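I am opening a notebook on this chain and want to work through its bonds, its core and its charged side chains in turn. The entries below follow the order in which I looked things up.

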Amino acid sequence: QVQLVESGGGLVQAGGSLRLSCAASGRTFSMYAMGWFRQAPGKEREFVVGISRSGSMTTYADSVKGRFTISRDNAKNTVDLQMNSLKPEDTAVYYCAGKNTFYSGSGVYTSGYEYDYWGQGTQVTVSS
């Protein structure tokens, strides 16, 4: 069982930056591929970025490529999302997700259905 807790959300002006952090419980964090998803009001949840269990592979949604950067620290059981050049359309609740890759193998996962654990979400609001 893994528990994920996000932090770092808030209100920022367009063009600004925020850094989200996701802290995971448990001793097998290094076996988990991680991802960030977001859901804006009235919209479906969408994939933002994923990272493999070692951190060697990442995949970004086109909408955030070049602006967002994901990183992880397996020694600290954390995965961070640095968000730069924020736009009003980035406004959403951001969720951290984890997938146990013990049986599926290393990789990056982009579908929410593939993830086993989810955090409670953190609100990011970008004002214009």
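Before the first lookup I fix one cut-off: I call a residue buried when its relative accessible area is under 20%, exposed when it is over 50%, and partly exposed in between. I also note that I am working from a predicted model.

**Entry 1: the disulfide**

How many disulfides does a search of the whole structure find? I searched the whole structure and found one, and it joins Cys22 to Cys96, with an S to S distance of 2.1 Å. I then placed the two ends: Cys22 is in strand S3 (residues 18-24) and Cys96 is in strand S9 (residues 92-100), 74 residues apart, so that the pair links distant parts of the chain. For the handedness I looked up the torsion about the S-S bond, which is about -75 degrees, and therefore I record the disulfide as left-handed. Cys96 has a relative accessibility of 0%, and because the cut-off for buried is under 20%, I count it as buried. Cys22 also goes down as buried, since its relative accessible area is 0%.

**Entry 2: the nonpolar core**

As background I write down that nonpolar side chains tend to be buried together in soluble globular proteins. In this model the largest nonpolar core has 36 residues, and those with the most contacts inside it are Met34, Trp36, Phe68, Val79, Leu81, Met83 and Tyr94. I asked which strands supply at least two residues each, and the list reads S3, S4 (32-39), S5 (46-51), S7 (68-73), S8 (78-83), S9 and S11 (122-127). Strand S4 gives the most to this core, with five residues.

I took Val79 as a case to follow. Leaving aside neighbours within four places in sequence, I find Val79 in contact with a set that includes both cysteines of the disulfide, Cys22 and Cys96. Also among the contacts of Val79 are Leu20, Phe29, Met34, Trp36, Ile51 and Ile70, together with Ser21, Ser71 and Arg72.

**Entry 3: salt bridges**

The search of the whole structure gives five salt bridges, of which I followed up some. Arg19 and Asp80 meet through their side chains at 3.2 Å, N to O; Arg19 is in strand S3 and Asp80 in strand S8, 61 residues apart, and I note this as a link between distant parts of the chain. Buried or partly exposed, I asked of Arg19? With a relative accessible area of 43%, Arg19 is partly exposed, whereas Asp80, at 16%, is buried.

Arg38 took longer, as the residue has more than one entry. The side chains of Arg38 and Glu46 meet in a salt bridge at 2.5 Å, N to O, and Asp90 forms a salt bridge with Arg38, the closest N and O atoms being 2.9 Å apart. Asp90 sits in the loop between S8 and S9 and Arg38 in strand S4, 52 residues apart. Arg38 is buried, with a relative accessible area of 5%, and Asp90 is buried as well; Glu46, at 34% relative accessibility, counts as partly exposed. I close this part by noting that Arg38, Glu46, Arg67 and Asp90 are linked in a network of salt bridges.

**Entry 4: a lysine without a partner**

Which side chain of opposite charge is nearest to Lys99? I find Asp116, at 4.8 Å, and I record that Lys99 is buried yet has no salt bridge. Lys99 lies in strand S9, and a polar atom of the Lys99 side chain is 3.4 Å from the backbone oxygen of Glu114. Not counting residues up to four places away in sequence, Lys99 touches Met31, Tyr32, Ala33, Ser104, Tyr109, Glu114, Tyr115 and Asp116.

**Entry 5: two loop residues**

Ser52 is in the loop between S5 and S6 and counts as buried at 0% relative accessibility. The side chain of Ser52 reaches the backbone nitrogen of Ser56 at 3.3 Å, and contacts beyond four places in sequence include Ala33, Arg72 and Val108.

Asp62 is found in the loop between strand S6 (58-60) and S7, and at 67% relative accessibility I count Asp62 as exposed. The Asp62 side chain makes a polar contact with the side chain of Lys65 at 3.0 Å. Asp62 and Val48 are 14 residues apart in sequence, and I find them 8.6 Å apart in space, C-alpha to C-alpha.

Terms used: Residues numbered from 1 in each chain as written. Predicted model: local features only at pLDDT ≥ 70, side-chain atom pairs only at ≥ 80, totals over all residues. Heavy atoms only, no water. Disulfide = S-S within 2.5 Å. Helix = DSSP H or I, 4+ residues; strand = E, 2+ residues; numbered from the N terminus. Buried < 20%, exposed > 50% of the residue type's maximum accessible area, 1.4 Å probe, protein only. Core = buried A, V, L, I, M, F, W, Y, C linked by side-chain atoms within 4.5 Å. Contact = heavy atoms within 4.5 Å. Lys, Arg positive; Asp, Glu negative; His and termini not counted. Salt bridge = Lys/Arg side-chain N within 4 Å of Asp/Glu carboxyl O. Polar contact = N/O pair within 3.5 Å; in protein donor to acceptor, adjacent residues only side chain to side chain.
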